[in-house]
Structures are given as structure tokens and as C-alpha cells.
Number of protein chains: 2
Amino acid sequence: MSYVQRAEYGVRPASHVDEDDPLFVQAVARAMQVLSAFHDTGRPLSLNEIATASGMGRSAAQRVVHTLRQLGYVERDADDRGFVPGIRILDHTRDYLRLNPLVARASPVLLELRRNVRERVDLSLRDGLRLVYAARLQSKRETFFATLVGQSVPIYCTSGGRAVMAHLSDAEVDEIIERSERREITPKTITDPEGIRAKVREARQNGYALAMEEVLQGEVALAAAILAPDGTPLGAIHIAGSLSEWEPEGFCRRFAPLASEAAGALSRF
Amino acid sequence: MSYVQRAEYGVRPASHVDEDDPLFVQAVARAMQVLSAFHDTGRPLSLNEIATASGMGRSAAQRVVHTLRQLGYVERDADDRGFVPGIRILDHTRDYLRLNPLVARASPVLLELRRNVRERVDLSLRDGLRLVYAARLQSKRETFFATLVGQSVPIYCTSGGRAVMAHLSDAEVDEIIERSERREITPKTITDPEGIRAKVREARQNGYALAMEEVLQGEVALAAAILAPDGTPLGAIHIAGSLSEWEPEGFCRRFAPLASEAAGALSRF
DNA sequence: TACAAATGTATCGCTCAGCGATACTTTCCA
DNA sequence: TGGAAAGTATCGCTGAGCGATACATTTGTA
């Protein structure tokens with residue numbers, strides 16, 4: 001049985017979880033597996049479903065769910081039809097956001113950026129093969145989710161991902177391409193390795209990355225990478241708009257410098 | 001040893017965690033205790049600090065931290081000076097927000113509200129003695145945190161809390177007052193039971209609740225409760241502004257109907 | 001309305017996962 | 001350059017937690 005769990009996009013990076021590790025506590029992993037069972041569902045889960053999804057027996061799932069419930073990390077659904085994640089989870093969200101120096105420093109920068117850009121602005125952090133959204137400032141008309149902290153997108157086909165890859169070595173880029181489960185999220189998604197490498201080269205030249213309709217129809221997005229002092233890309237700042245309002249060239253001319261500037265401000269540690 | 005952990009404000013409600021519960025898995029609780037060790041810190045923690053904060057021995061903390069690290073729920077700090085929460089936490093954040101029907105339905109309502117209100121708009125959910133923020137749409141000038149999902153405030157002294165209490169029985173209100181660790185967060189915080197009850201009565205009459213500078217100097221906030229079909233208050237919608245720009249009466253006249261309308265829209269299930 | 005399927009809950013004896021103590025190694029200051 | 005503190009590793013004992021299973025309760029359907 002493997003404790004490595006599938007995330008929204010791609011698999012964990014250095015996840016050679018050694019099952020014979022003498023320091024590895026099975027029950028801890030099981031707790032997280034149970035919570036992770038909700039990654040792949042849109043509705044409350046039954047105990048059996050949790051057991052199946054997290055690859056453990058009914059009894060184990062029962063105990064773990066029971067314990068997590070006592071502690072507030074799992075709750076009964078509003079109409080008592082199944083289990084859902086509990087509100088206690090948000091306490092840890094807060095801790096993460098507070099203690100991540102990038103996120104902590106990002107708010108004023110993002111708000112300043114948003115003042116000049118009347119479009120959606122996002123901050124995302126790299127985690128292996130994906131970018132996880134840590135903050136979003138929505139645009140005026142957006143009818144979507146206002147806040148989708150925790151949402152993640154693949155690196156290989158997004159503006160933010162390309163901005164990140166632009167600051168990695170060719171070998172690392174190839175490894176990302178190789179290991180990513182590349183699929184056409186929209187008909188415009190670029191999935192062939194050479195196409196991706198070309199976009200990365202483009203990003204290296206421009207200092208920012210562009211993606212058009214590769215994740216969402218009608219959306220144009222550009223991004224600039226945030227770098228650690230040693231040059232490692234930690235994440236990206238994205239600006240996203242609608243192709244019904246923007247022509248790609250105009251969008252870049254107008255917003256690329258602003259995104260770069262904001263990302264630069266967050267890169268100085 | 002007690003597994004019940006202190007949250008940001010107040011203690012868990014029905015948290016008589018029976019230690020002799022045969023279904024209770026100690027190691028699962030320990031995992032969450034380790035993660036909760038970060039609740040009370042503003043910086044990375046050492047292993048010893050984690051052990052102390054979570055009330056377990058060095059060895060146990062070592063094993064749990066090790067395991068959580070393998071799984072991405074704990075990370076080494078950027079400059080390798082201690083442990084911090086890991087990005088995997090945000091995956092669960094997303095699950096919580098997605099699977100909470102209130103939050104899932106809230107986005108369009110909040111955005112619509114925000115369109116008419118150029119002030120800060122929040123959605124919070126009740127958890128025992130506190131309200132946990134699940135979404136925030138910042139105002140134009142706000143220089144704070146743009147997103148502070150997971151932040152929590154006490155019920156007894158906030159607009160949202162009063163809006164919630166207005167829909168509880170007197171006995172329940174008294175219990176909240178009694179069990180809350182009431183302290184003067186600002187000099188204006190109302191902490192005496194009768195004062196709080198008066199504000200709750202006021203909220204019942206008005207259909208919305210008001211709080212001035214009780215949590216933050218210079219801030220005026222009003223809120224309306226979101227109700228389950230059976231009338232139980234689940235949370236609140238808040239609108240917050242600055243006293244340097246608003247006179248309380250004008251603020252209420254202008255925004256109370258909008259907050260009520262939005263809360264009403266989310267109350268219809 | 002009655003039956004079957006599924007869901008949540010409870011019990012129990014066996015055993016190995018995980019406990020605590022402790023020792024080793026490295027890093028960081030003073 | 002010493003000493004304190006941090007992270008890592010090892011080990012034998014034992015009770016925490018394992019899986020199997022039975023029970024209770026709800027749900028959907030014929």
C-alpha cells in the first residue's frame with residue numbers, strides 16, 4: 001500500500017515515501033489519507049467511500065474518521081448524509097499563510113498591483129509539478145469563485161508555470177515535462193514537449209510568460225516568477241483577463257511590466 | 001494529557017474528548033496537535049518547541065514531524081532554521097471550501113454585494129465560540145492581508161457574532177458569554193454580560209448587528225446572520241468600514257439592507 | 001408496506017507499530 | 001574554541017491499534 005496521494009494535478013515531487021522508514025508513523029499518514037479522500041469528490045462521502053478512497057479497511061477508516069471528527073477536522077454533512085471536511089482545517093490554512101514569508105509579504109504588493117490592473121490577480125506557489133493558489137484578488141465582473149485558496153494548476157501548461165520553468169535548468173524543465181500527466185485541458189492546451197520548451201524559451205526572453213486559453217476557454221493570462229535569493233523560482237504572480245476584452249499584444253504591453261515589477265518586489269528578500 | 005487544543009479564540013464547543021474512547025486513535029490526534037503547534041507562533045518552530053507546544057515527548061514529535069514532512073504537511077523553513085506548515089495543507093483548504101455548501105454558493109452573492117458596497121466584505125462561519133473567516137473581498141484601499149482565510153474572531157464582541165447570537169436562545173447566548181474568555185481587545189470592547197445581551201437584543205430588533213471599534217480601532221462593522229432552514233445561524237456576512245469616512249448611522253442606513261439581503265440569499269436552501 | 005442493501009456503531013483478542021530512553025552528529029553562537 | 005541546542009538514528013518492550021465481525025439504523029425500491 002502506498003501512502004503517496006494524488007494531488008489535483010500531478011504527483012508529489014520527491015515522494016519516495018519509504019514504507020520501511022522506522023520513523024514513519026502509519027496512523028499519521030492514515031489521518032492525512034482520510035482527509036485527502038475528499039480531493040476527488042464533489043459531495044459528502046460515506047465511511048465506505050472514505051475507506052476505499054484512502055485505501056484502508058473499514059475499521060481503520062472508522063477509527064480515523066471518528067478521531068478526526070472529535071477534533072473538528074471532519075464533520076457530518078448538514079443533512080447528515082455523509083462526511084465532509086471540518087472547519088478546523090481552516091486554522092491550519094491560516095497558519096500556513098501566516099508563516100509563509102512570501103504570502104505574508106505579498107498582500108500589499110498584490111493590492112498595489114490590483115490598483116493598477118483592473119483584472120484578476122493571483123499569487124501561486126510552486127509545489128512540484130503544480131502551482132497552488134495562495135491568494136486571489138478577483139476582478140470586478142468575475143462571477144466565479146472569489147477565493148479559491150488551495151486550487152492548483154499544472155506547471156506545464158500555465159502562464160505561471162512557464163514563468164517558473166523559465167528560471168529552471170533545461171534538465172529540470174524536461175523532468176517536469178516528463179513527469180507531468182499532460183492532457184488537453186482545453187483544445188488549445190500545449191502538451192507536446194517541444195511546444196512547451198518553446199514557450200519556456202519565449203518566457204526566458206521576455207521576462208514573463210504568456211498562456212492563452214490553455215486552462216480556461218477565453219482566458220488570457222500572463223505571469224512573472226518570484227525568485228528566492230539563490231534564484232530558485234518559488235511561485236508566480238499572474239494577471240488574467242478575458243479575450244473578449246483584450247487582444248493578446250495589448251494585454252502584454254499593458255500588464256507585463258506591472259507583473260514583473262510586483263514579482264520583483266517579492267523576490268527581494 | 002488532553003488532546004483538546006486551544007483555538008485562536010475560545011475553546012472547542014462539545015469537546016469532551018473521551019480519552020478512553022476505544023475508537024480514538026492517539027497518533028491521529030498527535031498529528032493534528034503537531035500541526036496545531038503553529039497556531040501560537042509567528043516564526044518557524046524547532047522540534048523541541050513543537051514537542052512542548054503539542055505536549056508530547058521529543059521522540060513522538062520527531063516521528064510525527066518526520067511523517068508529516070514526508071507527506072508535505074510540514075516543511076523546513078526557507079533558510080533551514082525550523083519547521084513550518086507545508087503547502088499540502090492548502091489542498092484540504094480547497095476541499096473544505098468546495099464542499100461547504102454555504103461557501104460554495106457564497107461567491108456570486110458576495111461579489112454582487114461587493115459591487116454595491118465599496119467596503120470590505122467578509123463571510124464567516126460559526127465554530128463554537130468563534131467565527132472563522134472563509135472569504136474576504138477587500139476594499140480598495142485596504143493595506144492589510146488581502147486574504148486571511150482561517151482567521152477567527154470571538155462571537156461575544158463582534159458584529160458577526162451578535163448577528164449569530166440574535167438567532168440563538170437566551171440560554172445559548174448566556175452560555176456563549178459564560179464560556180468565552182472575554183477580554184478587552186480594544187478599550188471599546190464590550191465584555192460585561194449585560195452589555196453583550198443588550199447588543200444582542202438590539203440586533204434582534206434591527207435584523208442586523210453593529211460593532212464599533214471592538215476588535216480594531218477605527219473600524220465600524222455590521223453583519224447579518226446566515227440561517228439554516230431550521231433557523232440555526234451558520235455564520236454571517238460582514239461589511240466593515242473606517243470611522244474616518246463613515247458616521248455610524250449613515251453606515252448602517254446605507255449598508256444594513258444590503259448585508260441583510262445577501263445573508264437572506266444565502267439562507268434559502 | 002416489507003424487504004434488501006448500505007450506512008454508521010460497537011466489541012474483542014492478538015500482535016506488531018510505535019512508544020520512550022538514549023546516544024550520535026551537526027550547526028550555531030558566544 | 002568550547003558548549004549548547006538542533007536534528008537524526010537505534011533499540012527492546014508493550015499496549016495501542018489492528019482486522020474481523022456482529023449489531024443497529026436508515027434508505028431506497030419493489
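A polar contact is a pair of N or O atoms within 3.5 Å. Keep that idea in mind as we walk through this predicted model, in which protein chains meet DNA strands. A good example to start with is A:Ala27: one of its backbone N or O atoms lies 3.1 Å from a phosphate oxygen of DNA strand C.

Let us stay with DNA strand C for a while. Which residues come nearest to this strand? Of the 18 residues around DNA strand C, the nearest are A:Leu47, A:Asn48, A:Arg58, A:Gln62 and B:Arg63. Two of these names are worth finding in the picture, as they reach the bases. The side chain of A:Arg58 has an N or O atom 2.9 Å from a base oxygen of DNA strand C, and a polar side-chain atom of A:Gln62 is 2.9 Å from a base nitrogen of that strand. The elements that give two or more residues to this surface are H1, helix H2 (47-53) and H3 of chain A, together with H3 of chain B. The largest share, 4 residues, comes from H3(B).

What kinds of atoms does DNA strand C offer to the protein? Of its atoms within 4 Å of the protein, 53% belong to sugar or phosphate, and the rest belong to bases. On the protein side, the surface near DNA strand C has 6 nonpolar, 5 polar and 7 charged residues.

Now turn to DNA strand D. This strand is surrounded by 18 residues, and the closest are A:Arg63, B:Leu47, B:Asn48, B:Gln62 and B:Arg76. Sugar and phosphate make up 53% of the atoms of DNA strand D that come within 4 Å of the protein. Several contacts from chain B go to phosphate oxygens of DNA strand D. A polar backbone atom of B:Gln26 is 2.9 Å from one, a backbone N or O atom of B:Leu47 is 2.7 Å from one, and a polar side-chain atom of B:Asn48 is 2.5 Å from one.

Which helices supply the surface near DNA strand D? At least two residues each come from helix H3 (58-71) of chain A and from helix H1 (26-36), helix H2 (47-53) and helix H3 (58-71) of chain B. Here H3(A) gives the largest share, with 4 residues. By class, this surface divides into 6 nonpolar, 5 polar and 7 charged residues.

How are the two protein chains related? A rotation of 180° with 0.0 Å of shift along its axis superposes chain A on chain B, with an RMSD of 0.0 Å. The two copies are thus related as by a two-fold rotation axis. The interface fits this picture: 100% of the interface residues of chain A are also interface residues in chain B, so the copies meet through the same surface.

Next, look inside chain A. The axes of helix H1 (residues 26-36) and H3(A) come within 10 Å and cross at roughly 85°, so these helices are roughly perpendicular to each other. Their contact is made by A:Arg30, A:Ala31, A:Val34 and A:Leu35 of H1(A) and by A:Ala60, A:Val64, A:Val65 and A:Leu68 of H3(A). By class, 7 of the contact residues are nonpolar, none is polar and 1 is charged.

One last detail concerns the backbone. Most residues other than glycine have a negative phi. A:Asp80, however, has a positive phi near 55°, and it is found in the loop between strand S1 (74-76) and strand S2 (83-85) of chain A. B:Asp80 also has a positive phi, of about 55°, and it sits in the loop between strand S1 (74-76) and strand S2 (83-85) of chain B.

How values were computed:
Residues numbered from 1 in each chain as written. Chains lettered and ligands numbered in written order. Predicted model: local features only at pLDDT ≥ 70, side-chain atom pairs only at ≥ 80, totals over all residues. Heavy atoms only, no water. Near = heavy atom within 4 Å. Polar contact = N/O pair within 3.5 Å; in protein donor to acceptor, adjacent residues only side chain to side chain. Nonpolar A, V, L, I, M, F, W, Y, C, P; charged D, E, K, R; others polar. Axes fitted to C-alpha atoms, helices over the stretch in contact; angles between N-to-C directions. Parallel < 35°, antiparallel > 145°, perpendicular 65-115°, else oblique. Contact = heavy atoms within 4.5 Å. Least-squares fit on C-alpha atoms with pLDDT ≥ 70 in both.
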